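The following exercises concern a sheet, the helices that lie across it, and one glycine in a loop. Please work through each task before reading its solution.

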Amino acid sequence: MAAFLFKTGKFSFRWRWLVTVLWAGLLVGAGVLASRADAAPPNDFSIPGTEAQQAYDLLAERFPEIKADGATARVVFKADDGKVTDPDQKHAVDDAVRALGEAPQVERVTNPYETGSVSKDGTTAYAQVSYGVTVNELTDASREALMDTVEEARASALTVETGGNAVSEKAAGGHSSEAIGLAVAAVVLVITFGALIAAGLPLLTALLGVGVATCVIKVLSAPLDLGGTTSVLASMLGLAVGIDYALFVVSRYRDELARGRSREDAAAHAVGTAGSAVVFAGLTVVIALAALPVVGIPVLSQMGLAAAGTVALAVLIAVTLIPALLGIAGGRIKPARPRPRRRKGHKGRKDGAGSETAPRPGPGARWVRFITRRPLAVLLLGATALITVAVPAASLELGLPGDESKPTSTTQRRAYDLLAESFGPGFNGPLTAVVRADGGGDAQAAARDTAARMQDTDGVATVTPPRFNESKDTAVLTVVPATAPGSKETTDLVHTLRAPEAEGDDAQVLIAGTTAMNIDVSQKLAEALLPYIALVVGLAFLLLIAVFRSILVPLKAALGFLLSIAAGLGAVVAVFQWGWLGALFGVSVPGPVMSIMPIFMVGVVFGLAMDYEVFLVTRMREAYVADPRPVRAVVSGFDHSARVVTAAAVIMIAVFAGFMGSSEQMVKTIGFGLAIAVLFDAFVVRMTLVPAVLALLGHRAWWLPRWLDRWVPRVDVEGESLQGSGPAPTDPAPAGLPPSDTTAAPAEPYEVLR
């Protein structure tokens, strides 16, 4: 692998203009095709195989006029004085209902006085607005017409509020979020490299990769039926890993220049060594994302595959375009600056001429020396801290938060509260029961019997009379629970209504509705989570055995990931579900965590965790191959990579955190979850626990059984095959380990060389 990438880097450097023009042409071509492509279709949030989805599919087939997946709004009228049945208030409500029916895209509006949608005390009524299109297809004109009607009705002696998905504003574009992440990334890169041109290369190539990927996704949206939000994750990850991968290659190039190599050899060696780590780190991310279809949720599968393609594109750019641009930049990119020497008068080692020779240890060197002196204490303290943060994850509640989770200042939340107060807490989460009699049974009798049984079931407030389709073989009923939508009692009620004894002899009963769909989604995700983790971790474990030629290092990497993901989920629960520090992170009303969040975090964070594992431990493995003294290899590898890994992690965190500004709750939660999980993984697990564990294990960390060694392919990530390529300058001793100590060996497996 290293030899092939070495040749690739040398080719790209020599033919720099050709490679650059080809990539620029790809961007232009993809942009032209994207400008002519059809618009992306609405997102498919169907969950194949679930009972709720079966019910919705049956309704779409036999009750097309209901528009089960159409946008809806519920306009609530409350009399400020008197009752809504009083002549003046009734006239105002009738006018509002008439205006709602004349609005664009409206399919049907119910009149509360005709449907009995008036509270028992007569103070509150509501009108149901059904649109003929999905919420993604709803136009701004339709939304404005709805809110204008509500404002006009408020001019009378009525309090008027409205809820439903038709009221929700369209998600704001992610451009401002991306701009925040890019701004932070630019600052970090300038600090890391100390030069604008070197800092600009990772930004330029990351933007190019995201641009190509976004255009390709748009071109494929119509043919492959990709939803409108498919590119969200691709954009998020493309920026993060694109910058990180380029950062590692450019940083290694400057290190090679500092060792005395020519620019061409430096570029080739950078791609052969750091590029090898990029390839395998990218492969772990691709494995994690490409395995998301195992879950069986179309929108999640689309986002995962699109993001996997974007990551693969970022890897190609890092090993081809980056060396080409390094060649074009020429002398404008300087070698890495040596660390400052010890100050005058500072006690330290001197060479034969009496001058100071030992470089002053930087923060990374001091940190790893501290860890390797006390590895057991550091390991216990770090693991305990992560486990403590992970405790709230045991209380994780999944759901699809609705209007009840919105701030009380919104009209959706006020409408929700008015309905709960006047009609009962379960009125905001009605269930839909579909009764079918395809086997020749009497659907009408079966529907009446089903309605009677449900009405007598504990936890049911009301059941509407059955409504039949034209062929009279299917009926639909609305069941209103007596408890709130997200309560455990309502969940238990759904299970009771779905029990086999709840069905008649000649009919099948299917339960749908938001609460029922939440239960189905949670169950499907729970069933898929363990197989998904096993698949992803298993494949990555095998890959890392080949990369590090070790059993314990991949095992440590997997266990560290589990700690990171558990702590990340614990933080998500504490902020978004419990409301801790909610105001700081823009969470005004806590509520259930998005159902897809845990498995989504597992897929993405695992790939990113392996990124840091490969980048950091590869340098340690490289040092161990050159000088097989384990503690020295840990110190040397950490010293060479700590600054760059820190910069990469800060950039990744900034990019993800920038997406917390999105108005889309799912994007906000994902942005926070990924940012906090990367924070834990990079700075606690990879840069603290990893050197502690390796120091404790000593030589055993790099042990591989002989029988397995014969079967595992040699991928040469550390660049052993490149030793004869070009000049072979000698690396300086790690900071804090003077050259005169290079022959010393530690007395204990975890003792630092002095």
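**Exercise 1.** In this predicted model, determine across which strands helix 14 lies, and at what angle helix 14 runs to strand 4.

*Solution.* Helix 14 comprises residues 411-423. Its contacts place it across strand 1, strand 3 and strand 4, and it runs at about 110° to strand 4. Helix 6 (residues 140-153) also lies across strand 1, strand 3 (124-131) and strand 4, but its angle to strand 4 is about 160°.

**Exercise 2.** Establish the strand order of the sheet and identify its edge strands.

*Solution.* The sheet is open and contains four strands, arranged 2-3-1-4 with antiparallel pairing. Strand 2 (106-109) and strand 4 (158-163) each pair on one side only, and they are the edge strands. From one strand to the next, the twist averages 20°. Turning to a single pair, strand 1 (residues 72-79) and strand 4 run antiparallel and are joined by six bridges. Within this part of the sheet, Ala79 has Leu158 of strand 4 as its bridge partner.

**Exercise 3.** Decide whether Gly122 is buried or exposed, and describe its surroundings.

*Solution.* Gly122 is located in the loop between helix 5 (112-115) and strand 3. Its relative accessibility is 8%. Buried means under 20%, so Gly122 counts as buried. Leaving aside residues up to four places away in sequence, Gly122 touches Lys83, Val84 and Thr85. Gly82 is 40 residues from Gly122 in sequence, yet the C-alpha to C-alpha separation of the two is 8.4 Å.

Methods
Residues are numbered from 1 along each chain as its sequence is written. This is a predicted model: local features need pLDDT of at least 70, side-chain atom pairs count only at pLDDT 80 or more; totals for chains, interfaces and linings use all residues. Side-chain values use heavy atoms; hydrogens and water are left out. Two strands pair if DSSP finds at least two bridges between them. Helices (H or I, at least four residues) and strands (E, at least two) are DSSP runs, numbered from the N terminus. Axes are lines fitted to C-alpha atoms, for helices over the stretch in contact, and angles run from 0 to 180 degrees between N-to-C directions. Contact means heavy atoms within 4.5 Å. Buried means under 20% relative accessible area, exposed over 50%, partly exposed in between (1.4 Å probe, protein chains only).
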